[in-house]
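The following exercises concern a single structure. Each task is followed by a solution that proceeds step by step.

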Amino acid sequence: MSQTTETIFSKIIRKEIPADIVYEDDLALAFKDLHPQAPVHILVIPKKPIVNVANAEPEDQAILGHLLLTAKLVAEQAGLSNGYRLVINNGADGGQTVYHLHIHILGGRPMGWPPG
């Protein structure tokens, strides 16, 4: 099942609610997180409503690759030349709170390990 119910991200895609958008193309949108967990915290989302990685289908392969390349581009544009972390939460135990696939770009400070 690739389709998701209405989420706050759906409204951001349709420009029904404001967001600090830093990148947009036909397939993806990137915007600053409202509750940043690092000096740079940007979300990259597909415009196609995919619930999460577990619900991605084989036909989503191209968009999944596009999201990673978009994250790379957005991180470069944000000046994260010293590195950054990409995080995809999947399901409740994975920390997912918005059920529309999204990649967190976290940077601007050293990241610790383990992350959880």
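**Exercise 1.** Determine whether Gln 61 is buried or exposed, and place this residue in the fold.

Solution. Gln 61 has a relative accessibility of 63% and therefore counts as exposed (buried is under 20% relative accessible area, exposed over 50%, partly exposed in between, with a 1.4 Å probe and protein chains only). The model is a predicted one, in which local features need pLDDT of at least 70 and side-chain atom pairs pLDDT 80 or more, while totals for chains, interfaces and linings use all residues. Residues are numbered from 1 along each chain as its sequence is written, and side-chain values use heavy atoms, without hydrogens and water.

Next, Gln 61 belongs to helix 2 (helices are DSSP runs of H or I with at least four residues, strands runs of E with at least two, numbered from the N terminus). From Gln 61 to Ala 75, 14 residues further in sequence, the C-alpha distance is 22 Å. Finally, helix 2, residues 61-77, lies across strands 1, 2, 3, 4 and 5 and runs at about 155° to strand 3. Contact here means heavy atoms within 4.5 Å; axes are lines fitted to C-alpha atoms, for helices over the stretch in contact, with angles from 0 to 180 degrees between N-to-C directions.

**Exercise 2.** State in which order the five strands form the open sheet, and which strands stand at its edges.

Solution. The order is 1-2-3-5-4, with antiparallel pairing; two strands pair if DSSP finds at least two bridges between them. Strand 1 (21-24) and strand 4 (84-87) are the edges: each has a single partner strand, so one side of each lacks a neighbour in the sheet. Neighbouring strands are turned by 20° against each other on average, direction ignored. Within the sheet, five bridges connect strand 3 (40-46) with strand 5 (103-107), and His 41 stands opposite Leu 106 of strand 5.

**Exercise 3.** Describe the lining of the largest pocket.

Solution. A pocket is an open set of points on a 1 Å grid over the protein atoms alone, where a 1.4 Å probe fits, with protein on both sides within 12 Å along at least five of seven lines; lining residues have an atom within 4 Å of a point. The lining comprises 15 residues, and Asp 33, Gln 37, His 41, Asn 89 and His 104 lie nearest the centre. Strand 3 and strand 5 each contribute at least two lining residues.

**Exercise 4.** Identify which residues a cis peptide bond joins.

Solution. The bond links Trp 113 and Pro 114, with omega about 5°. Pro 114 lies in the segment after strand 5.
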